[in-house]
Amino acid sequence: MGNSLYYVTTPIYYVNAEPHLGHTYTTLAADTFARYHELVGDDAFFLTGTDEHGDKIARAATEQGTTPQLIADRVSALFRKTWKECGISFDRFIRTTDPQHVRTVKYVLQKVFDKGEVYKAEYGGYYCFGCERYFTQTELDELEDKVCPDHKKPLEYVKEENYFFKMSKYRDALRDYIESHPGFIRPERYKNEVLGFLKEPLDDLCISRPKSRLTWGIELPFDKDFVTYVWFDALLNYLTGIGYPDDPDWKVRWAVCEHIIGKDILKTHAVYWPTMLMAAGVPLFKTLSVHGFWKQKESKIAKSTGNVVRPLEMKAKYGMEAFRYYLLKDMVFGLDASYSEEALVQRVNADLANNLGNMVNRVLNMAEKYVGGIVPQRGDSLGEVHEAFKKETLSAAGNVMAAMEEIKPSRALDAIIRIADSANRYIVATEPFRMVKDDEKKEELEHVLYNLLECIRIIGILLSPFLPRTSKELLSRVGWKSVEGRDHIAAAGQFGLLQPGSKVYKGGPLFDRLEITSVTNDRDMPKESDHPAALIDFDLWEKLDLRIGLVKTAEPIPKSKKLLKLQVDIGEVRTVVAGMAKYYAPEELVGKSVVVLANLKPAKLMGIESRGMVLAVVSGGRGSVLTTDRQSVPGSKVS
Ligand code: ME8
């Protein structure tokens, strides 16, 4: 861990339902893992998207009197927008209707067909349109009536000629693989469940649908009368997402791939998918991490049950940070959890408003009142109580890392909240408010406040994967410039990094206390305090050489997700590296009139010398370059 690659995926969601709580949990969990890996210095790539083909969508289109493509476009855009508004840091949003994906699916189908892994046969059986699959005889034997236990809809008897993948022959190889790779499916209970299925004979898998029944799918490259089965199409998104088969780098990302899924799609991911990969001659992904289900009043929360919890409504009501905290804290990864707004309110009030929020408030208040709003001097070792507090604080980083290694985000949050507890106890034990009255205690008072500010800094760093906005806010209040990657996590394992004399900001309460009756009033916690930026002299302003630049060319920088290389005409043509790759396709920037800080010292970024900086703003998760609203001549001075 640290300085390596990481690749995390969510299931791609069907476009027959709008984003709900269940989708949000998985996507938040993946976001937290991606951010955690970035925190420890890994280069993380995070893929999510939508699953758009198949019977389900074709039927929904017929019911709604529209076309599958229109439904897919609308709902896919809604998922994307929802994740953006929830602050989810995905790197790529994939759609199974993307031409690149269609090519990948055809490529793999042809490959397995050529290897003789696929045959044509007639098959009749009971089919669930919700699950998009036939039920096996064993499953049918377990049902009292022929009704799908998940979708509560009668199974339909379907008989037709189709193509089959020889999945049965991989049963032993898969079982051996799972047994010899302990972390392949986790938590353990799901691994055992899969080994349980594999005790029974495995059937071959029907991988096509005749076009006479379904046209909304990817055509088989070897038979134009059929489209491929939705799971054969959908699962391959994980490979398309990293450029398989054309991008030679796909293999390195693939080797570190972690799929995060809910337990409903365990069989497709733990049996269909690895056997498909074996047949296609592709190595297996690294880990399948499976979480349980959120339930509300004893039913699964999903579209079919009608209990829809919409993430953006929760954000508007309670704030995204509060919603994130509750979901990550109250579900033990792997087990089911029950959802209620009462529990959310209680959890957030207890942990964030009372415990963490009050502690931060008290400390920053004291820093302002007793030491003039700056980081005070740290004293030398002043005794047991101080050392014990430092030790407890420093143990948190290790505990968080250990919990995350075991996919226990809830336990990691516990470890962080425990430091806030311990800071509250430290305040009670040392009573800084009494020390202030005693001149002889000045050094100790400063030492206590220094330690408490350090503790806030460490909490701020450790919270970054879980509560990114709170983390930023805490760090900026104690005046900590953020450090990227490996150095960042290292800074959570050390005391004494805050610079005495630097400014701290008290700000308002970090979290409002929530009430269950809160109604929609677009709130987002934590509140960002209005930090006064340091004032500068006119002289300094005059030294800035800001000019209008015309972007002549823009190109991606290999191996960088963030940077683009631009040639900008600012009266002369300069190479400028800009961190805009997440927000713009290179060609979108070409021809734009931008604002360039021309006299910034040259710097090397990814081996390229950048001479200047393009000004931009990131707001609401979207980046935008600054431009002028009338045509200006390249090189004109901005004043
Ligand atoms: O299955 N609690 O898509 P889907 C927790 N397209 N998580 C839940 C949940 C709940 N109550 N309800 C849903 C599909 N989820 C396929 C996947 S992947 C190649 C294709 C989450 O829209 C959970 O992650 O039905 C579950 O696995 C997923 O949503 C199912 O999403």
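The exercises below treat the ligand site, one buried histidine, the salt bridges and a surface patch of a predicted model.

Local features need pLDDT of at least 70 and side-chain atom pairs count only at pLDDT 80 or more, while totals for chains, interfaces and linings use all residues. Residues are numbered from 1 along each chain as its sequence is written, and side-chain values use heavy atoms, with hydrogens and water left out.

**Exercise 1. Describe the shell around the ligand and the polar contacts of the ligand's nitrogen atoms.**

Step 1. A residue is near the ligand if one of its heavy atoms lies within 4 Å of it. There are 23 residues around the ligand, and Ile12, Thr26, Asp51, Asp264 and Trp294 come nearest.

Step 2. Sort the shell by class: 12 residues are nonpolar, 9 polar and 2 charged. Here Ala, Val, Leu, Ile, Met, Phe, Trp, Tyr, Cys and Pro count as nonpolar, Asp, Glu, Lys and Arg as charged, and the others, Gly among them, as polar.

Step 3. Assign the shell to secondary structure, using DSSP runs numbered from the N terminus (helices H or I, at least four residues; strands E, at least two). At least two shell residues come from each of β2 (13-14), α1 (21-39), α8 (230-235) and α9 (237-240).

Step 4. List polar contacts (pairs of N or O atoms within 3.5 Å; within protein, one must be able to donate a hydrogen and the other to accept it, and residues adjacent in sequence count only if both atoms are side-chain atoms). An N or O atom in the side chain of Asp51 is 2.7 Å from a ligand nitrogen. For a backbone N or O atom of Trp294 the distance to a ligand nitrogen is 2.9 Å, and for a polar backbone atom of Gly22 it is 3.4 Å.

Step 5. On its own the ligand has 680 Å² of accessible area (Shrake-Rupley method, 1.4 Å probe), and the protein covers 94% of it.

**Exercise 2. Is His53 buried or exposed, and which side chain does His53 contact?**

Step 1. His53 sits in the loop between β3 (43-51) and α2 (55-64).

Step 2. Buried means under 20% relative accessible area, exposed over 50%, and partly exposed in between (1.4 Å probe, protein chains only). His53 is buried because its relative accessible area is 6%.

Step 3. The His53 side chain makes a polar contact of 2.6 Å with the side chain of Asp233.

**Exercise 3. Count the salt bridges and place three of them.**

Step 1. Take a side-chain nitrogen of Lys or Arg within 4 Å of a carboxyl oxygen of Asp or Glu. The count is 41 salt bridges.

Step 2. Asp91 and Lys561 are bridged, with the closest N and O atoms 3.8 Å apart. This pair links distant parts of the chain, 470 residues apart: Asp91 is in the loop between α3 (68-85) and β4 (92-95), and Lys561 in the loop between β18 (546-556) and β19 (564-569). Asp91 is partly exposed at 26% relative accessibility, as is Lys561 at 24%.

Step 3. Asp91 and Lys561 belong to a salt-bridge network with Glu38, Asp43 and Arg253.

Step 4. Lys442 and Glu446 form a salt bridge at 3.4 Å, N to O. The two are 4 residues apart in helix α18 (residues 442-463), so about one helical turn separates them.

Step 5. Arg547 and Asp545 are bridged at 3.0 Å between the closest N and O atoms, and both are buried.

**Exercise 4. Locate Trp541 and state its accessibility class.**

Step 1. Trp541 lies in helix α21 (residues 538-543).

Step 2. Its relative accessibility is 32%, so Trp541 counts as partly exposed.
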